[in-house]
Every structure is written in C-alpha cells, then in structure tokens.
Amino acid sequence: QVQLLESGGGSVRTGDSLRLSCATSGRNFDNFVVGWFRQAPGKEREFVAAFDWRDGMTHYSDSLKDRSTISGDFAKNTAHLQMYRVNSEDTAVYYCAAQWAPGRNWRGEKPLEYDYWGQGTQVTVSS
C-alpha cells in the first residue's frame with residue numbers, strides 16, 4: 001500500500017515561486033512514476049508534471065513546462081514540484097499521484113492512469 005502526503009501549499013503572491021512536496025509512507029517510490037495534478041474550482045483535474053523514479057525522466061504539461069520543475073529526492077523518497085512566476089490561474093488544489101511500473105506507452109497525463117493519490121494541498125495566489 002502506498003500512502004502519499006503533500007505539503008508546501010498555502011498563500012503566495014503573484015510572481016512568487018512555490019515548492020510542493022510529496023512524501024510516501026508504507027512503501028518507497030522505487031519503480032513508481034509520481035505525478036502532480038491540480039484542480040481549480042469548477043474545473044477538471046489537470047496534469048502538471050510527472051517524474052519516473054526508475055530512470056529520472058520527467059514529463060510536463062505543455063502549458064506549464066516553462067514554469068515548473070519536478071524532481072525526486074531518492075534519499076528521502078520525496079517528490080517535489082516547483083512552480084515559478086505564479087499567477088491567479090495557478091490557484092488550485094495540488095495533488096500528488098503515483099503509479100507502479102507503467103509500460104512504455106503510458107503517458108501519465110490522465111488521472112485515471114494513477115492508482116494512488118494524496119489528499120491534496122491548497123495553493124492560493126493573490127496579488
């Protein structure tokens with residue numbers, strides 16, 4: 001069983017950077033892909049980025065790739081998402097998700113592709 005816990009959310013100002021973390025308990029991230037999604041009020045859950053623990057490969061949403069960085073801390077079994085130059089449209093609940101050993105054609109851009117989810121952390125951007 002994989003339990004995910006997000007942290008790092010809160011209130012930030014337009015133009016600031018933020019750093020979210022996703023820690024696992026019960027099992028480490030070996031052979032997992034860890035993804036970040038976000039969901040704004042009234043909108044569908046949106047893919048942000050994914051990190052493959054097997055080879056360190058990353059994959060980003062086209063719309064956010066210039067303002068985000070996903071990384072993995074292998075020693076601490078924690079995934080991080082950094083976002084830069086945030087604006088009001090980045091206000092959302094950010095979720096960490098994990099999928100064990102997906103196949104070669106797996107993209108990881110849809111929520112249904114992940115078996116494990118955290119509870120989410122709220123990020124609010126204000127001017």
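Here a trainee and a mentor talk through a predicted model of one protein chain.

Trainee: Let's start simple: how many helices and strands does the chain have?
Mentor: Reading from the N terminus, the elements run β-β-β-β-β-β-β-β-β-β-β. The count for the chain is therefore zero helices and 11 strands.

Trainee: How compact is the chain for its 127 residues?
Mentor: Along the principal axes, the C-alpha atoms fill a box of roughly 40 × 30 × 25 Å. The globule rule gives 14 Å for 127 residues, and the radius of gyration is close to that, so the chain is as compact as a globular protein of that length. The radius of gyration itself is 14 Å.

Trainee: What share of the residues is buried?
Mentor: Buried here means under 20% relative accessible area. Of the 127 residues in the chain, the share that is buried is 43%.

Trainee: And what part of the accessible surface belongs to carbon and sulfur atoms?
Mentor: The accessible surface of the chain comes to about 7000 Å². The part that belongs to carbon and sulfur atoms is 44%.

Trainee: How far apart are the centres of the positive and negative side chains?
Mentor: There are 14 positive side chains and 15 negative ones. The centres of those two sets lie apart by 2 Å.

Trainee: Among contacts between residues at least 6 apart in sequence, what share joins residues at least 24 apart?
Mentor: Contact means heavy atoms within 4.5 Å. For the chain, the share joining residues at least 24 apart is 57%.

Trainee: Now strand E8: is it mostly covered or mostly uncovered?
Mentor: E8 spans residues 78-83, six residues in total. Five of them are buried, and that makes the strand mostly covered.

Trainee: Which residue in E8 is the bridge partner of Leu 20?
Mentor: Strand E3 (residues 18-25) pairs with E8 in the antiparallel sense, over six bridges. One bridge puts Ala 23 with Thr 78. For Leu 20, the partner in E8 is Leu 81.

Trainee: Which residue in E3 is the bridge partner of Gln 3?
Mentor: E3 also pairs with strand E1 (residues 3-7), antiparallel, over five bridges. The partner of Gln 3 in E3 is Ser 25.

Trainee: What about strand E7: which residue in E8 stands opposite Ser 71?
Mentor: E7 (residues 68-73) runs antiparallel to E8, and six bridges join them. Gly 72 has Ala 79 as its bridge partner in E8. Opposite Ser 71 stands His 80.

Trainee: Which residue takes a positive phi in the hairpin of E7 and E8?
Mentor: Most residues other than glycine have a negative phi, so a positive one is worth a look. This hairpin has four residues between the strands, and a phi near 50 degrees turns up there. The residue is Asn 77.

Trainee: Asn 31 and Arg 85 interest me too. What phi does Asn 31 have?
Mentor: Asn 31 sits in the loop between E3 and strand E4 (32-39). At 39% relative accessibility, Asn 31 counts as partly exposed. Although Asn 31 is not a glycine, its phi is positive, about 70 degrees.

Trainee: And what phi does Arg 85 have?
Mentor: Find Arg 85 in the loop between E8 and E9. Arg 85 is partly exposed, with a relative accessible area of 48%. Arg 85 is not a glycine either, yet its phi is positive, at about 50 degrees.

Trainee: Is Met 57 buried or exposed?
Mentor: Met 57 lies in the loop between strand E5 (46-52) and strand E6 (58-60). Leaving aside neighbours within four places in sequence, Met 57 is in contact with Ala 50, Phe 51 and Asp 52. The cut-off for exposed is over 50%. Met 57 has 54% relative accessibility, so it counts as exposed.

Trainee: How far is Met 57 from Ser 71 in space?
Mentor: Along the chain, the two are 14 residues apart. Between their C-alpha atoms, the separation is 9.3 Å.

Trainee: Last one: which residues does Ala 101 touch, not counting those up to four places away in sequence?
Mentor: Ala 101 is in the loop between strand E9 (92-100) and strand E10 (116-117). At 28% relative accessibility, Ala 101 counts as partly exposed. The residues Ala 101 touches are Asn 31, Phe 32 and Arg 54.

Terms used. Residues are numbered from 1 along each chain as its sequence is written. This is a predicted model: local features need pLDDT of at least 70, side-chain atom pairs count only at pLDDT 80 or more; totals for chains, interfaces and linings use all residues. Side-chain values use heavy atoms; hydrogens and water are left out. Helices (H or I, at least four residues) and strands (E, at least two) are DSSP runs, numbered from the N terminus. The radius of gyration is taken over C-alpha atoms; the globule rule is 2.2 Å times the number of residues to the power 0.38. Buried means under 20% relative accessible area, exposed over 50%, partly exposed in between (1.4 Å probe, protein chains only). Accessible areas come from the Shrake-Rupley method with a 1.4 Å probe; for residues, only the protein chains shown count as cover. Lys and Arg count as positive and Asp and Glu as negative; His and the chain ends are not counted. The place of a charge is taken as NZ of Lys, CZ of Arg, CG of Asp or CD of Glu. Two strands pair if DSSP finds at least two bridges between them.
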